[in-house]
Every structure is written in structure tokens, then in C-alpha cells.
Amino acid sequence: MQSCPVRPLPLLALCLASGLLGMGIAWWMHPEHQAKHSALKSNSKLVPSIEPPPLPPSRDRLMRFLPDQTLDVLRSNGTSISIGYTSVVVEPRWTTVEFFGGWNRELDANADEQALLFTSGPTFARGSGNGDLAMRLHGDLMLANGLWPSDNRAAAAERAWVGISRAGELEYGYGSLTAELAQRLRVFIGGLHAFTNTTQEAPPSYAGVYGEMRLADVRIVYGIRPDGQLELVETADGVLFSDLKNFVGDKGFLASFLPDHASKSRLIVPGKRPWSHEHAVWVSGGKPSITQMPFLLKITPSREWHDRKPVDAAPGSETS
């Protein structure tokens, strides 16, 4: 019988490898190591996983333009009325608001390709203030392009506000802009009339703008939706306050706010709903000479959206 010769060097290597493997297994099974391993696993559960920030939507999803709608509302006397309106639903997470100053700039707004839309701001009075605009704001404005404090501090303190937090969430409340709000918010629109609020009671300091008006006018409504989005509504002409109360209730708004009203109502969507002489005649009830406005609120994609906008966005896709 022949035997296979075993060379000393491979045998030595085999023994060394077996020894190291045995030492490794013994070290792994040692109680002290197992305790450390278990502690590391337990500690890892205490550290939350960091999720990447959400990707911004395409520009055409930052707002939804909903023209020529109607809503049938029931009056307290049992009759119903069909209210015509146009609205725009805005995503606050990726949008911001700018001050668009200058008298009668509606035609400029029509051609502004940066804007998603324009709308009315808080009430004002003619007079010295705000530079060349010659008007006194009744509410504080902290917007993407600057701060415009109210020239009427009493009015600012007695009214309501809508804002967007730095996290992109809608907020609303009562009073003027405070240091705490300026730290938390990136947009503050004060000087508003709190028309309805299902979530909180108005403080004693709140006075509002309007009483129980019986005039039938065109009005802008800032509606706070349950889904966290802002709906800007321009009603048809001839809507009474009592009808408007039923309207915002049927729309399901958590709260609703009125800026300047009647002939000062503005809802301009460049390329889709422009301002025209006919629109001025309609809003003013046939007297376009009273429609003059010193400023508009311009809603645009936010800086964060521009920094992180979808890579597949076409060069011309930023035009509404």
C-alpha cells in the first residue's frame, strides 16, 4: 500500500489556521463580547433613522387653478343660492409671498413669468407712508423680499394674520407681528378680518375690519383647508356676508380671512386669468376709476424650491 506523503509546511499552515479559527470562535462566544454586542444593538434602536428631505413637486403642482365654479348654499330661511367663484389652491410647503408694490401694476402682473399668482393684501389708507406708495398699511407684512410694518399700529394689533412657518406649514392667529412670530415664520400677512375660525376663539383685543355688512360685493377669501393648503377664493358679485358665511362653512375651511374687499379684490393668474379693463369694470361695479391699488401680494415658488427643483424641469416650465 502506498501512502501519500504530507509535507511539513502545509501541515503547519493548516494547524495555524485551525488554531486561529478556534480562538475567534471562543472570543465571539465569550459572555463579555455577547453583552457588548447586545448593547450596541440596543443603542442603535435609540438613534432615529434620518430620512432624506422630500423632493419638491414640479412647478405646475405648486398650485391648482380652479376657474368658474359654483356652490349651492342653503340660507337660514330655507331658500338656496348658487354662488359663483374662482379659486387657486396653493401648496405652502414650496411657495412664498412677495410684496409687489406700485400703483396700478396689474398689467405688469399679467406678464410676470416668475409669479404663480397675485392677490389682494390687507386694508390700507391713503396718506404718507411706505415711501413712494403714499399709503398706510393696516397690517404688518413680513414677506420674502422685505418687512413692511403697519403704519396703523392700533389696527394691526386688533386684526388677524395668516403665515407660513419655516417648516412650510400654514399658521394663523390674532394681533400684530411679534419677535417670537418673526423667528418662527417666514411669511406673515397681518391686518386681516377673521371671518370664521373653527379652531380657536378670538381674544378680547380682536376688533376686525368689518361689521355685519349688508352690501353685496366681490370678495377675496383666504381659506385654511383641512389638508394644510391655502385656498384663495374670488367670489362672484352680489354675495352677502350671510351667504359668504354659509359658503365658507360648506367649503369646509378650518378658518377664513378677508383682506381688502370689493373694488380692491384681486386674483390674477398670469397666462390664465389676466387683469383687464373688463375685469376692473366687473370688480368695481361699473366704476373702474375706484379700483386703484398700491400693492399686490405675489405668490411664487420658494427659494428652497428653486434650490432643489426637479432636475427634469424644462427651461420654460417655470411659466404658469
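This is a short dialogue on reading a strand, a loop residue, a pocket and two nonpolar cores in a predicted model.

Visitor: Let us begin with strand 13. Is strand 13 largely enclosed or open?

Guide: Burial is judged residue by residue, and buried means under 20% relative accessible area. In strand 13, residues 230–235, six of the six residues are buried, so the strand is largely enclosed by the rest of the structure. The burial holds for both faces: Leu230, Leu232 and Glu234 lie on one side, with Glu231, Val233 and Thr235 on the other.

Visitor: Which strands pair with strand 13?

Guide: Strand 2, residues 80–90, pairs with strand 13 in the antiparallel sense over six bridges. In that pairing Ser87 is opposite Val233. Strand 12, residues 220–224, is also antiparallel to strand 13, with five bridges. There Gly223 faces Glu231.

Visitor: What joins strand 12 to strand 13?

Guide: The two strands make a hairpin, with five residues between them. Gly228, in the turn, has a positive phi of about 85°.

Visitor: Now a loop residue. Where is Gly286, and is Gly286 buried, partly exposed or exposed?

Guide: Gly286 sits in the loop between helix 7 (277–283) and strand 16 (295–301). Its relative accessibility is 46%, so Gly286 counts as partly exposed. Gly286 and Ser263 are 23 residues apart in sequence, and their C-alpha atoms are 9.9 Å apart in space.

Visitor: How is empty space found, and what is the volume of the largest pocket?

Guide: A probe the size of a water molecule is rolled over the atoms, and this shows where empty space is left. Here the largest pocket holds about 440 Å³ of space. It is lined by 19 residues, and the closest to its centre are Thr96, Ala144, Pro301, Ser302 and Arg303. Strand 3 (95–101), strand 7 (141–143), strand 16 and helix 8 (303–308) each give two or more residues to the lining. Helix 8 gives the most, with three.

Visitor: What classes of residue make up that lining?

Guide: The lining has eight charged, six polar and five nonpolar residues.

Visitor: Last, the nonpolar cores. Which residues touch the most other members in the largest one?

Guide: In soluble globular proteins, nonpolar side chains tend to be buried together. The largest nonpolar core here has 51 residues, and those touching the most other members are Leu117, Leu141, Leu143, Ile189, Tyr222 and Phe257. Take Ile189: beyond its neighbours within four places in sequence, its contacts include Val97, Trp161, Tyr222 and Leu297. A second, separate core has 15 residues, among them Ile81, Tyr85, Tyr210 and Phe247.

Definitions and conventions
Residues are numbered from 1 along each chain as its sequence is written. This is a predicted model: local features need pLDDT of at least 70, side-chain atom pairs count only at pLDDT 80 or more; totals for chains, interfaces and linings use all residues. Side-chain values use heavy atoms; hydrogens and water are left out. Buried means under 20% relative accessible area, exposed over 50%, partly exposed in between (1.4 Å probe, protein chains only). Helices (H or I, at least four residues) and strands (E, at least two) are DSSP runs, numbered from the N terminus. Two strands pair if DSSP finds at least two bridges between them. On a 1 Å grid over the protein atoms alone, a cavity is a set of points where a 1.4 Å probe fits but cannot get out, and a pocket is an open set with protein on both sides within 12 Å along at least five of seven lines; lining residues have an atom within 4 Å of a point. Grid points are joined across faces, edges and corners, and a volume is the space filled by probe spheres set on the points. Ala, Val, Leu, Ile, Met, Phe, Trp, Tyr, Cys and Pro count as nonpolar, Asp, Glu, Lys and Arg as charged, and the others, Gly among them, as polar. A nonpolar core is a set of buried Ala, Val, Leu, Ile, Met, Phe, Trp, Tyr and Cys residues joined through side-chain atoms within 4.5 Å. Contact means heavy atoms within 4.5 Å.
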